[in-house]
Amino acid sequence: MRRTSRPRSERPQGQPTRGKTARNRLRRVDNFLLIYDGELIRRQGGAWDRAFFVDLGYGAQPITTLESAARLRQANPRLPVLGVEIDPERVAVAGPYADTLTQFRLGGFNLPLREDEAARAIRAFNVLRQYDADQVGSAWQSMGRGLRPGGLLIEGTSDPFGRSWTANLLRRVGDRLVHEGLLFSTNFHGGFEPEMFQSILPKNYIHRMLPGEPIADFMQAWQRAARERIAYRDWGLRQWFTASAEALSASGFRLDLRGRLLQRGYLLWQGSPDVAPLPLFPA
Ligand SMILES: C[S@@+](CC[C@H](N)C(=O)[O-])C[C@H]1O[C@@H](n2cnc3c(N)ncnc32)[C@H](O)[C@@H]1O
């Protein structure tokens, strides 16, 4: 492929928003990626050496990008990492922290990638919450165009310190972006109740907690499952969380029941509805 210094697209899509971030806020997102698809992070050689882990919208300081670079390079020491910000001042603040494998660029949902570059994974956290719900699909599509086939977009919302969060997982399959699930994460420091996730649902779900909506049915069913299995709380919150997921699955919801996820406080609803595969390019 031709190497060029020209970004694929000139005008960043989106608008600057509040830049609040925090140390270790997104640590558990990285840990999830390493458990869920560590191979995607570890791949090296050829085009993979130009396939970034992208931290889109890293905020007022590049803390989360630098932390992820250090963390994920324990799995892949050659992992290229790209922090993308739509606010030029925030790109200037991050500049001194760049090195041969870590870069910071001005850009938007249409990633500022050169022609021989791509993203293997994109993390966009606490970005779309500040947009309108009807902008979500087109933002996903723009980001999805930057992914290599097989690459993953994880787009979500967290509480201020990253103790609890939720995220959409979207995979590029050929020329489409396919919703792989809705993920709930807690480190249990704030306790556990399914209700605690309602205020931090991703933008495409948060306004749909209405009677008859699938997300509302799911949350209610999870609350019922948690009540049914309340006795497990005596053994600890992790046991209760896991037992609630097993009861929820038994009631008909398609969940990833692997103990390595549940025991760490990750519940992935794989059958989450409402998001049809999105075309990435016009027919
Ligand atoms: C609240 S901060 C989130 C920081 C960090 N991701 C975190 O979760 O701690 C949101 C950041 O996203 C940036 N942003 C908003 N829209 C963007 C876009 N379309 N492309 C790149 N950055 C964007 C804003 O400028 C802001 O700095």
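This short presentation covers two helix pairs, the surroundings of the ligand, and three individual residues in a predicted model.

Good morning, colleagues. I begin with the helix pair α1 and α2. Helix α1 spans residues 27-42 and helix α2 spans residues 63-72. Their axes come within 11 Å and cross at roughly 45°. The two helices are therefore oblique to each other, and their crossing is right-handed.

Which residues make this contact? On the side of α1 they are Arg-27, Asp-30 and Ile-41, and on the side of α2 they are Glu-67, Ser-68, Arg-71 and Leu-72. Sorted by class, the contact has 4 charged residues, 2 nonpolar and 1 polar.

Helix α2 also has a buried set of residues, and these are Thr-64, Thr-65, Leu-66, Ser-68, Ala-69 and Leu-72. What do they pack against? The buried residues of α2 pack against helix α1 and against three strands, namely β1 (51-56), β2 (81-85) and β3 (102-106). Ser-68 and Leu-72 are thus worth locating on the screen: both belong to the buried residues of α2, and both take part in the contact with α1.

I turn now to the second pair, α6 and α7. Helix α6 covers residues 214-228, and helix α7 covers residues 237-250. The axes of α6 and α7 come within 8 Å and cross at roughly 120°. That angle makes α6 oblique to α7. The crossing of α6 and α7 is right-handed.

Helix α6 brings Ala-221, Trp-222, Ala-225, Ala-226 and Glu-228 to the contact, while α7 brings Ser-244, Ala-247 and Leu-248. By class, 6 of the residues in the contact of α6 with α7 are nonpolar, 1 is polar and 1 is charged.

One residue of this contact deserves a separate look, namely Leu-248 of helix α7. Is Leu-248 buried or exposed? Leu-248 counts as buried because it has 24 C-beta neighbours inside 10 Å, and the cut-off for that class is 20 or more. Setting aside neighbours within four places in sequence, Leu-248 is in contact with Ala-221, Trp-222 and Ala-225, and also with Phe-253 and Leu-255. Ala-221, Trp-222 and Ala-225 are residues that α6 contributes to its contact with α7. As a distance for orientation, Leu-248 and Arg-50 lie 41 Å apart, C-alpha to C-alpha, and 198 residues apart in sequence.

Next, the ligand. There are 25 residues around the ligand, and those that come nearest are Gly-14, Gly-19, Thr-21, Gly-57 and Gly-59. The shell divides into 10 polar, 9 nonpolar and 6 charged residues.

I close with two asparagines and their backbone angles. As background, most residues other than glycine have a negative phi. Asn-24, in contrast, has a positive phi near 60°. Asn-24 is located in the segment before α1. Asn-126 likewise has a positive phi, of about 60°, although it is not a glycine. Asn-126 lies in the loop between strand β4 (118-125) and helix α4 (136-145).

How do the surroundings of these two asparagines compare? Asn-24 has 13 C-beta neighbours inside 10 Å and so counts as partly exposed. Asn-126 is buried, because 25 other C-beta atoms lie within 10 Å.

Thank you for your attention.

Definitions and conventions: Residues are numbered from 1 along each chain as its sequence is written. This is a predicted model: local features need pLDDT of at least 70, side-chain atom pairs count only at pLDDT 80 or more; totals for chains, interfaces and linings use all residues. Helices (H or I, at least four residues) and strands (E, at least two) are DSSP runs, numbered from the N terminus. A residue is buried if 20 or more other C-beta atoms lie within 10 Å of its own, exposed if 12 or fewer, and partly exposed in between; C-beta atoms are placed from the backbone. Two residues are in contact if their C-beta atoms, placed from the backbone, lie within 7 Å. A residue is near a molecule or strand if its C-beta atom, placed from the backbone, lies within 6 Å of it. Ala, Val, Leu, Ile, Met, Phe, Trp, Tyr, Cys and Pro count as nonpolar, Asp, Glu, Lys and Arg as charged, and the others, Gly among them, as polar. Axes are lines fitted to C-alpha atoms, for helices over the stretch in contact, and angles run from 0 to 180 degrees between N-to-C directions. Angles under 35 degrees count as roughly parallel, over 145 as roughly antiparallel, 65 to 115 as roughly perpendicular and the rest as oblique. A crossing is left-handed if the near helix is turned anticlockwise from the far one by less than a right angle, and right-handed if clockwise.
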